[in-house]
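Thanks for coming, everyone. I'll walk through one model this morning, core first, then the charged pairs. Let me put it on the screen.

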Amino acid sequence: RQLHEPRVMLVQAPWGFLNESQNLLCRAQALWLKNHFYLQQRSKERQLHFIHFNGTAGIWDKSAIAAAGGWSHDTVTEDADLSYRGALAGFDVRFSPERHQPSELPANMVAFKAQQNRWTKGYSQIAKKLLCRVLCSRKVSMAFKIEAFYQLIIQLGEHVVGFTICLLSPLITYFDLFGGHVDFVQWFPLAWVFLGVYYIASLFVLPDRPKTFKWFLQSIFSVLVLCFLSIGISAHNTIAYFEGFLMNDNVFVRTPKEGKAQTPDNASRKAAPEAMTTKTMDALGSNKWQSYIPKVSWTTLIELCMAAYLTTFGIIFTIRALDVSSSSGVEGWLDAIRASNVSDYRHMILLNLFSAAFLWVAIPSVTQKATTMIFSIVWRLPNQKKMHSDDKACSQ
């Protein structure tokens, strides 16, 4: 019905999640995306603000696609790209929250990072391609221009700001660059408080039923996991953000899905690479199987270095707070520890939390790469022996 309204190019529906309760990562993603659909996009639709296509769960008007210039492959988020070009052509988008469309969340960190890389890089590519056209266009309102600038620059730039704060805060505090007036332990958790309050408040408008006490406690814990995840993924998304602006890499990296959510449509579908058997590897070939798995990039090394960097500064701050430099021997150290209080360990606690967040994001990438190499070796050894015996038989 909404698609037949004049100048409506798209009707977008919210996503449902088949594997929301699979693990902590899925719960945190579900909370974040439900907030995006049911709070942000629903309020935008009521205020007649711009809504972009989310890649699925939407119905397009074919004539609007043609009027906007058709699909384009010069970004890795072609859905949002077409939405912005459609808005520049004078079309609107409607949101229909009555019926959600089932989807599957990336259930492991490697798949999640592949998805986040594509989304972040794609939006910065759209900013490079269309932001000047949007800001100079007379066909869109000033509110649309402000919203586009926020979405394409400021909202994505939050990853850069978060990573920069993690990188510079220990140095600023250690070298006392602001005369002792800045201690990141005092003001950095405040950002988490604001983020947590925002998501906790949004719980009351989400369509989840029933809203029991157990559900509320699980949702609160998901908020904490989401805040934790925002730190760990900041380095990965910061690099993707600048890659979109500085590089012309338009390779679409598919998000691997496990297919574990049992529905009539996917009950017989097997997961890859988790359910990949030797027989399947023989059929596909080892190289083709490995190409399905996102490769470990050099961003993983940066995440590991950030974890070591933050842990090191946590230890340095603790040693300085305990003043063990003037103590001699093990007894002196023990006396300093006995005389300490919780505030002496505040830097180490917070920095180790940040370090754990980066490790949570980095270690699965390393583990998956190692697993891939092991499976590849296991697959190649019997085939190499078979090829050697065939060559020997031919020579005889």
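Which residues in the largest nonpolar core touch the most other members? They are M9, L10, W15, F17, L31, W60 and L105, out of 33 residues in that core. Keep in mind that this is a predicted model.

Where does the core come from? The elements that give two or more residues to this core are β1 (8–12), β2 (15–17), α1 (24–46), α2 (62–67), β4 (92–95) and α7 (213–232). Of these, α1 gives the most, with 7 residues. There is another core, apart from this one, made of 18 residues. Among its members are Y84, L88, I126 and V134. As background, nonpolar side chains in soluble globular proteins tend to be buried together.

Now to the strands. Take β1. All 5 of its 5 residues are buried. What does β1 pair with? With β4 the pairing is parallel, over 4 bridges. There, V8 has D92 in β4 as its bridge partner. With strand β3, residues 58–60, β1 pairs in the antiparallel sense, over 3 bridges. In that pairing V11 stands opposite I59 of β3.

Stay with M9 for a moment. Setting aside neighbours within four places in sequence, M9 is in contact with L3, I59, W60, D61, A64, S83, G86, A87, F91, D92 and V93. Two names there should be familiar. I59 is the residue opposite V11, and D92 is the bridge partner of V8.

Next, a lysine in α1. K34 sits in that helix. Is K34 buried or exposed? Buried: the relative accessibility is 9%, and the cut-off for buried is under 20%. What does its side chain meet? A polar contact of 2.9 Å joins the side chains of K34 and E20. Beyond four places in sequence, the contacts of K34 are F17, E20, L39, L206 and D208. F17 is also one of the core residues that touch the most other members.

On to salt bridges. How many are there? The count comes to 8. I'll show three.

The first is D74 with K129, at 2.9 Å, N to O. D74 lies in the loop between α2 and α3 (78–88), and K129 lies in helix α4 (residues 109–136), so this pair ties together parts that are 55 residues apart in sequence. Both ends are partly exposed. D74 has a relative accessible area of 32%. For K129 the figure is 28%.

The second is D81 with R85, at 3.3 Å, N to O. This one stays inside a single helix. Both residues lie in α3, 4 residues apart, about one turn of the helix. Why does that spacing suit a side-chain pair? An α-helix has 3.6 residues a turn, so residues three or four places apart point the same way. D81 counts as buried, at 0% relative accessibility. R85 counts as buried too, at 8%.

The third is E303 with K113, at 3.1 Å, N to O. E303 is in helix α11 and K113 is in helix α4, so to speak two distant parts of the chain, 190 residues apart. Again, both ends are buried. E303 has 0% relative accessibility. K113 has a relative accessible area of 5%.

One more point on the charged pairs. Salt bridges that share partners join D74, D81, R85 and K129 into one network.

E303 brings us to its helix, α11. How does the helix's length check out? Its 25 residues, 298–322, should span 36 Å at 1.5 Å a residue; the end C-alpha atoms are 37 Å apart, which agrees. Which residues of α11 are buried? They are T299, T300, E303, M306, A307, Y309, L310, F313, G314, F317, T318 and L322.

Last stop, I239. The residue is in helix α8, residues 234–246. I239 is buried, with a relative accessible area of 13%. Outside four places in sequence, I239 touches W298, T299 and I302. T299 was on the buried list of α11 a moment ago. Then there is N117. I239 and N117 are 122 residues apart in sequence, yet their C-alpha atoms are 8.6 Å apart in space.

That's my tour. Questions, please.

How values were computed:
Residues numbered from 1 in each chain as written. Predicted model: local features only at pLDDT ≥ 70, side-chain atom pairs only at ≥ 80, totals over all residues. Heavy atoms only, no water. Expected span 1.5 Å × (residues − 1). Buried < 20%, exposed > 50% of the residue type's maximum accessible area, 1.4 Å probe, protein only. Core = buried A, V, L, I, M, F, W, Y, C linked by side-chain atoms within 4.5 Å. Contact = heavy atoms within 4.5 Å. Polar contact = N/O pair within 3.5 Å; in protein donor to acceptor, adjacent residues only side chain to side chain. Salt bridge = Lys/Arg side-chain N within 4 Å of Asp/Glu carboxyl O. Pairing = 2+ DSSP bridges.
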